[in-house]
Amino acid sequence: MLTAEQIVAAQKANIETIFGLTQKAFEGVEKLVELNVQATKAALSESANSTQALLSVKDAQELLTLQASLMQPLAEKTVAYSRHLYDIASGTGAEFSKAAEAQAADAQKKFMSVVDNASKNAPAGSETAVAVMKSAVSAANNAMESVQKAVKQATEMAEANFNTVTTQAVSATKAAAKKR
């Protein structure tokens, strides 16, 4: 049985975890707002410069050249923005995953302690039931670890694919700009 002190300690730990995760979420939002403010400032400045350049165009050829010269930096900045956005999201997600894994490990440890205590106090002849219970808990723990590994591998693969796509997008934009 759980004592009042154990329940209070568990609640305190849960509240600390919630506040810690809330803090991480707000840090992620702050980073996102900062990124968007910087991107907006840069876009306004570049828009003003582009407008000035467009107003000084004298013929169609110069307009096409100007248009081509504006596209590559735009694509590169879009890729950089996407990279920053992805970094913020993955960093915040990693903090949440780390906290979830720690909570799961702690809960698993506590549950195993309860199972061990129950097996020590179990009546004679219940060894088979206790062994089945321990086996089921072990299987569940193994399944959870497998899922966590699969999620980590999928995340790493998604990040690698994101990096590949952004590199290809920048390369394609550079190639298209050179052709003009």
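**Figure 1. Contacts and overall form of the protein chain.** In the protein chain, 77% of the contacts with a separation of 6 or more are between residues 24 or more positions apart. The model is predicted. The protein chain holds three helices and zero strands, and its pattern along the sequence is α-α-α. With a radius of gyration of 28 Å, well over the 16 Å that the globule rule gives for 180 residues, the protein chain is more spread out than a compact globule. Along the principal axes, the C-alpha atoms occupy a box of roughly 100 × 30 × 10 Å.

**Figure 2. Surface and charges of the protein chain.** Of the 180 residues in the protein chain, 10% are buried. The accessible surface is about 13,300 Å², and carbon and sulfur atoms contribute 64% of this surface. The protein chain carries 18 positive and 18 negative charges, and the mean positions of these two sets lie 5 Å apart. The number of salt bridges comes to four, and the next three views include some of these pairs.

**Figure 3. Salt bridge between Glu 46 and Lys 77.** The side chains of Glu 46 and Lys 77 form a salt bridge, with an N to O distance of 2.6 Å. This pair links distant parts of the chain: Glu 46 belongs to helix α1 (residues 4–55) and Lys 77 to helix α2 (residues 60–120), with their positions 31 residues apart in the numbering. Glu 46 has a relative accessibility of 28%, so this residue counts as partly exposed. Lys 77 also counts as partly exposed, because its relative accessibility is 39%.

**Figure 4. Salt bridge between Arg 83 and Asp 87.** The closest N and O atoms of Arg 83 and Asp 87 are 2.8 Å apart, and the two residues form a salt bridge. Both residues lie in helix α2, where they are four residues apart, or about one turn of the helix. Asp 87 has a relative accessible area of 35% and is therefore partly exposed.

**Figure 5. Salt bridge between Glu 95 and Lys 98.** In this salt bridge, the closest N and O atoms of Glu 95 and Lys 98 are 3.9 Å apart, a distance that falls within the 4 Å cut-off. Glu 95 and Lys 98 are three residues apart in helix α2, so about one helical turn separates them. The relative accessible area of Glu 95 is 26%, which means that Glu 95 is partly exposed. Lys 98, in contrast, is exposed, because its relative accessible area is 52% and the limit for exposed residues is over 50%.

**Figure 6. Glu 27 and Ile 88.** Glu 27 is part of helix α1. With a relative accessible area of 27%, Glu 27 is partly exposed. Along the chain, Glu 27 and Ile 88 are 61 residues apart, and 9.3 Å separates their C-alpha atoms.

**Figure 7. Ser 90 and Thr 166.** Ser 90 is part of helix α2. The relative accessible area of Ser 90 is 29%, so Ser 90 is partly exposed. Ser 90 and Thr 166 are 76 residues apart along the chain, and the distance between their C-alpha atoms is 16 Å.

Conventions. Residues are numbered from 1 along each chain as its sequence is written. This is a predicted model: local features need pLDDT of at least 70, side-chain atom pairs count only at pLDDT 80 or more; totals for chains, interfaces and linings use all residues. Side-chain values use heavy atoms; hydrogens and water are left out. Helices (H or I, at least four residues) and strands (E, at least two) are DSSP runs, numbered from the N terminus. The radius of gyration is taken over C-alpha atoms; the globule rule is 2.2 Å times the number of residues to the power 0.38. Buried means under 20% relative accessible area, exposed over 50%, partly exposed in between (1.4 Å probe, protein chains only). Contact means heavy atoms within 4.5 Å. Accessible areas come from the Shrake-Rupley method with a 1.4 Å probe; for residues, only the protein chains shown count as cover. Lys and Arg count as positive and Asp and Glu as negative; His and the chain ends are not counted. The place of a charge is taken as NZ of Lys, CZ of Arg, CG of Asp or CD of Glu.
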